[in-house]
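Reader: Please take one part of this model and go through it closely. Then set it against the rest of the chain and its partner.

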Amino acid sequence: MTIGETKSKQEVIDALHGVAAEMHDKMLKGKPPAMTLPVRTKKNIQFDKKLQVYKYGKNKSTRDATALSSARVLLRSLHITEFIEEMINSGKSSTLREMYYISEGWGNGKFGNQNESNNLAEDLEIVTKCIREDFKLRPEEDGARIIGNVTFEEKNRKGEWMRINCRDDVGDSGYGVPYNVESEKLRLVEQDIDFVMAVETGGMFDRLVENGFDEEARCAIIHLKGQPARSTRRIMKRMSDEWKKPILVFADCDPWSFRIFASIAYGAIKTAHISEYLATNEAIYLGITADDILAYDLPSDDLTKSDLGALESELSDPRFATGWWKEQINLMQEIGKKAEQQSLAKYGLDFVTDTYLPEKLGALGLNY
Amino acid sequence: MNKAEEISSKQKQIAVSEFFEKNKHFLGFDSLQRSIITAVKESVDNSLDACEEARILPNIHVELNKQKGDKIEFITQDNGPGIPRNAIEDVFGKFLLGSRFHAIRQTRGQQGIGITGVVMYSQLTTGSKTHIISKIKSESSAVFVELGLDTRKNKAIKTGEKRELWIDERTGEEINQGLRIRTIMKGKYQKGKQSVHQYLRMTSIVNPHASISLIVRDKEGDIIDQGNWPRTTERLPRVVSEIKPHPHGIHLGTLQRMLRESNERRMTSFLRHNFSGVSMRAAREILVNAKLDEGREPKRIKADDAQEMLNAFQKVKLLSPPMDCLSPIDDLLIKKGLSKAIDSRFASTVTRNPSVSQGNPFQIEVGLVFGGDLGSEGPIEVLRFANRVPLMYQQGGCLLTKALESVDWKRYGLDHPGGRGVPKGPAALLIHLASTNVQFTSEAKEAVADNEEVHEEIRKALLEVGRGLKNHLKKSSQRKKAKEKFELVNIILPEIAKKSSEILSRPEPDLAPVITQIMNAVFCEEILGWEKDRKVATCSIKIYNYTARARAYTILVKWPENKNTALVDNNRGGRKEAKGIWAWRLDTLNPGTCTTVDFGVSGLAKGEWVDTDIFFRGNGEIIGATRIDETLLDEIRKSEALVLAEEEILKESENLEPLIERAEENVHHQMTSSILESKEGQLSLSDWEVE
């Protein structure tokens, strides 16, 4: 069983039972119940050549019931297992937050805060090789917005397939990406574009839309809303795989935006267990680069202490271990500056669509 | 002569009222804020001293009402013995040197300028007269009088004197005895570390027998601050006796005068009758050392010989001065006093045995409270006291603080950055120096002067409470760990077993081997309680064997053994290992089983026994108990035997001493025909100069 494949209800339940069985078997042998997990830190991710993304390495940690806090986590996993089984059997789903509140009734298995329940849901994904969609668990986070000449079919609440063109059938805010973008919920039907442009900030997304950049440059524009949600990364991955269109990331020039790109292209540390399913290895960082700050003489801010710390830590992050990224990070450390996407407005509202993007795209061979 | 008259008759006068006017900064009336604290202090100290001498449990009420400008109406009232009509002028109108100025024993104030300062300060700042109501129990009515001062003549000016029934404004009942002072003075009421509130709070801590209350009102009559510290004990401080000076604290001048003024015929008698701590044996040894003949007449001793005597005093081993001149607060009462003023989790107190510095008996008491409501940010609260009087100023320059700072508190679980200054953490520390002669750094009497012996005693006391704290912290962390483990195996693990079995539709696994594996230790847990009806302190010790092997232990418990206490309800028997240590040999404890040792202690007060130590003998560790240190146990047994032996010797020597004395006196009678008895022991201490 591998991640990303559609699983039957029974397969998901069996996988979850495997977690309970590991604990039960240990107790039968007179040993403390336990759950084995990969170590989920920067130190334990490595590039998977076959999948072309970053995955967890071989370091495992055992969570066993020799300490009170770990024992509580084990008990909670069992409560979640039972809860998910009930949802699968009754055809319901719940948000992670709802599950957190439902845990109020779990007595000693109740969560201390929502972070705990989110992390444990991820742990279970990793151990069972299922994804949370299999568990009928939803995030609260917003999916992305898309504008451009692409057509999807989405299954609505009545169970009917609904056809939506993201240029003609939507308003200025675009098409809202649902939390589940798997093929049972969303189909990629048609497109007439040359590339996909993922934009970090809402202000820049709206500027591109207002300037008609999607039609002019024949692209789909996606608003990432900061660190992109899983469904956003997943739909980009599908557009890349199924339509073979390049994904270009247009973000601020600061260490945090670099991390947004890394999670799109190589996978996030927290979700490294499903990197091959979320990460678009072909994604390209378009800008704004440290070079751009100098080349375009952009208004910039000094790097703060925490910015500098983030840059330093990126130098030891295997996802940034390429020559190009090292150069960019070093240059940024050297000039000590960062710049926002919207600093391009220094040269007028149309500068970004008339000058900056054509020049950057042209360099990649995407002329329009 | 009734009590009140007796006290006031001891007062002596000094014409220093003019001096006050010029030097009020000396006397604590230098700033508006300070003046009000000093006024309260003088009045409350007087009330406490008067009540103590009259053996009355004090109720003291302080009221401050702000008025226009910087004026404050000042009212204090107590239930003390009152002041006789004819003594009121003297007590309030002159600078008095009380009896205590001439006696060697522990008292609160050591200079008698006290309450006159309040009368004078009020008059100088607002022109207000001081209104006194005094009621003596034996008289049918109270004296009402207004006092002013003629500062140049050192005389009170009395007006509006009348006799009436004194009716309590609040209850409408007649007041049977007490004293009320009301006046108006300039002053500024402020809250904080140096405030009337803090002064009274601190006073209540070291005077747990007193009930003290405070009300402060603003100009509009609204209450802006108040405090109420009820008494926590009915036990009055013990009556302190006056003592003779000890040779170690005598200066040449004093010795010479004592010699000159002595009517003794023989040097041995002179030494034995004028000093404390000098036995017949010691007197002879001193004289041999000083190369003085026993039979010499004290009056004829010259300066050189007196100096020789002084040197000899230091060489000869002398008994310590008697300690009944000191009035320590006592461990339990400090604990009660502290817990009344401060809400905390842990309290440890130490009353050191009395000690002597330069012939002056002194005694150190220390109390430490930790946790609870105490703030963990910033330095700990330091509560300094000298003879039950709070010291509120010059903390940094005070010996008590210096001794506190000399301890490495990090070792005892308090944050102590750089090992310097006052440690930080959620704690308050009380240090009380009781002494017949507290040496201050200045006239203002705010900081205790350096003294090596006192410093060392404080340090020892602090180390002792420090060890208590460390022990407590270690224990509570052990207890927390044990509690977590119990929760793990007793609650969470069974739930994991139940839930996983439910999910998998399998039978539940046997958890006993799992529990053994997780715990892999023997745990011990003690619970101290109190049986109200029978007045028995209870102790229940549970021992759990969560290992895979059978265990056999002897459990030893520290209990407060003394002549008043006894072990009760001790069904397991056991035996005494040493004083205060009882031991039980337990039957073999099989894996997964638990056993309990229960017993009680009678003869204790509630709250007196709140913490104990559990020790064990046997193989393998016990979490929650300490392996008994056999050498330490031996030492305890030895020192115990030593104490017993000493007591016996003391008893013998007590029997011996009168014999020697009688023998000696017979010799005297034979040798001289002069009459000795009329003069012996008659030298009054009040004739001495005050050092």
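Author: Five strands of chain B make an open sheet of mixed pairing, in the order 20-23-18-17-25. Strands here are DSSP runs of E with at least two residues, helices are runs of H or I with at least four, and both are numbered from the N terminus. Two strands count as paired if DSSP finds at least two bridges between them. The edges of the sheet are strand 20 (566-568) and strand 25 (622-623) of chain B, each of which pairs on one side only.

At one edge, strand 20 of chain B runs antiparallel to strand 23 of chain B, with three bridges. Here B:Val568 lies opposite B:Gly600 of strand 23 of chain B. Strand 23 (residues 594-602) of chain B is also joined to strand 18 (residues 536-545) of chain B, by nine bridges in the antiparallel sense. In that pairing B:Val536 faces B:Ser602 of strand 23 of chain B. At the other edge, strand 17 (residues 522-531) of chain B and strand 25 of chain B are parallel and share two bridges. B:Val522 has B:Ile622 of strand 25 of chain B as its bridge partner.

This is a predicted model, in which local features need pLDDT of at least 70 and side-chain atom pairs count only at pLDDT 80 or more, while totals for chains, interfaces and linings use all residues. Residues are numbered from 1 along each chain as its sequence is written, and chains are lettered from A and ligands numbered from 1 in the order in which they are written.

The sheet belongs to a chain with 15 helices and 26 strands. Chain B has 691 residues, of which 41% are buried (20 or more other C-beta atoms within 10 Å of the residue's own, against 12 or fewer for exposed and partly exposed in between, with C-beta atoms placed from the backbone). Of the contacts in chain B with a separation of 6 or more, 72% link residues 24 or more positions apart; a contact means that two C-beta atoms, placed from the backbone, lie within 7 Å.

On confidence, chain B has a mean pLDDT of 83, with 87% of its residues at 70 or more; pLDDT is the predictor's confidence in each residue, from 0 to 100. The value falls below 50 over residues 96-103 of chain B, a stretch with 24 contacts in the model beyond near neighbours in sequence. It is also below 50 over residues 670-691 of chain B, where the corresponding number of contacts is 18. For the complex, the predictor gives an ipTM of 0.74 and a pTM of 0.65.

As for the partner, 21 residues of chain B contact 23 residues of chain A. On the chain B side, the elements giving two or more residues are helix 13 (452-504) and helix 14 (512-519) of chain B. Helix 13 of chain B contributes the most, 14 residues. The side of chain B that touches chain A comprises 13 nonpolar, three polar and five charged residues. In this classification Ala, Val, Leu, Ile, Met, Phe, Trp, Tyr, Cys and Pro are nonpolar, Asp, Glu, Lys and Arg are charged, and the others, Gly among them, are polar.
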